[in-house]
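Got the viewer open and a selection tool handy? Let's walk through this one stop at a time, picking out pieces as we go.

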Amino acid sequence: IAKYGVGLDMIDMDAMRRHEKRLGWKGGVNRRSVSEMVISVVVSMLRHIPVAQREVVNGTWRQHVGGLLSGRTIGVIGCGFVGKDLVSLLQPWKCKILAYDILEFPDFYSLHDVRAVSLEELLSSSDVVTLHLPLTKLTKNLLCAEKLRLMKPEAVLINAARGGLIDEGEVKSMLKTGRLAAAAFDVFEAEPPSDTELLNLDNFFATPHIGGSATEAIIAMGRSAIAGLDENAIPL
């Protein structure tokens, strides 16, 4: 079986092993597509671009005052292929970067001036929190209500990884009450999402799972899937 794309959460890995089926898969082939989109969304949310655009279309001309990405504290949850690529792209912005991952990457962190911290410290210290990790039994609902409440009221939350990592109901509540400044999701627990109240909030921005939908990434994922028919192994 060859996998088009990078997520493995929809493949029954236990069944693959049980039936000794080989999997052709290569991680990170769409990393640049996702990391570039994350930066564009972070800047958009910090500058209130989505709500400003809607207001102009509806006849309201109001200049919103936002903030810079430069110099912000960015919390990267999951420092795998996409997380690392995002860190490299953030270097010109001179951001303070915090990272949380169950694995250790001391050489990479040292090279890019990244500080490895606990999940709790990352959430309580970051101006922007962005998720870049797979959906597994260990990561499901990683940002539960208790964890989300550690975030600063002026923080921005980005999820371009997988739905199911975040308690979406709690995010909606925090956005409505001002306990969280803004959030942008490219992925949802159920897709397409049906919570119209969340989708219509001025400080929430949704896209239809397009993080990997750059032409270059689509070609790379297709080539990887084709190669996977020959280059494969039984999953560990």
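## Starting inside the sheet

Select strands β1 and β2 (residues 96-100): they run parallel and are joined by five bridges. Keep in mind throughout that this is a predicted model. For one concrete pair, show Ile77 and its bridge partner in β2, Tyr100.

Now stay on β1 alone, residues 73-77. Is this strand buried or exposed? Five of its five residues are buried, so the rest of the structure largely encloses β1. Turn on side chains and you can sort them by direction: Thr73, Gly75 and Ile77 point one way, while Ile74 and Val76 point the other way.

## The whole sheet

Next, select all the strands. Seven of them make an open sheet with parallel pairing, and the order across it reads β3-β2-β1-β4-β5-β6-β7. The edges are β3 (114-116) and β7 (204-206); each has a single partner strand, so one side of each has no neighbour in the sheet. Look along the sheet for the twist, which averages 15° from one strand to the next.

Zoom in on β4 (residues 128-131) and β5 (residues 156-159). These two strands run parallel, with four bridges between them. Pick Val129 and you'll find Leu157 of β5 standing opposite.

## Two helices to add

Bring in α2, residues 31-46. Which strands does this helix lie across? The answer is β4, β5, β6 (182-185) and β7, and the helix runs at about 150° to β5.

Then add α4 (residues 81-90), a mostly covered helix with seven of its ten residues buried. To see the buried set, select Val82, Gly83, Asp85, Leu86, Val87, Leu89 and Leu90. What do they pack against? Their partners are α2, β1, β2, α5 (106-111), β3 and β4.

## Cysteines

Colour the cysteines and check for disulfides: the structure holds zero. Centre on Cys95 and you'll see why for this residue: the closest cysteine sulfur, in Cys79, is 14 Å from its own, too far for a bond. Cys95 counts as buried, because its relative accessibility is 13%, under the 20% cut-off. Cys144 comes in at 19% relative accessibility, so this residue counts as buried too.

## A loop stop

Select Asn141, which sits in the loop between β4 and α7 (145-148). With 37% relative accessibility, Asn141 counts as partly exposed. Which residues does Asn141 contact, leaving aside its neighbours within four places in sequence? Show Gly164, Leu165, Ile166 and Asp167. For a distance label, link the C-alpha atoms of Asn141 and Lys176: the two residues are 35 residues apart along the chain and their C-alpha atoms are separated by 20 Å.

## Zooming out

Finally, show the full chain, with its ten helices and seven strands. Its radius of gyration is 18 Å, close to the 18 Å from the globule rule for 236 residues, so the chain is as compact as a globular protein of that length. Along the principal axes, the C-alpha atoms fill a box of roughly 60 × 40 × 35 Å.

Colour by burial and 47% of the 236 residues should light up as buried. Switch to a surface and you're looking at about 12800 Å² of accessible area, 56% of which belongs to carbon and sulfur atoms. If you like contact maps, take the contacts between residues at least 6 apart in sequence: 60% of them join residues at least 24 apart.

Technical notes
Residues numbered from 1 in each chain as written. Predicted model: local features only at pLDDT ≥ 70, side-chain atom pairs only at ≥ 80, totals over all residues. Heavy atoms only, no water. Pairing = 2+ DSSP bridges. Axes fitted to C-alpha atoms, helices over the stretch in contact; angles between N-to-C directions. Contact = heavy atoms within 4.5 Å. Rg over C-alpha atoms; globule rule 2.2 N^0.38 Å. Buried < 20%, exposed > 50% of the residue type's maximum accessible area, 1.4 Å probe, protein only. Areas by Shrake-Rupley, 256 points an atom, 1.4 Å probe, with all protein chains shown as cover. Disulfide = S-S within 2.5 Å.
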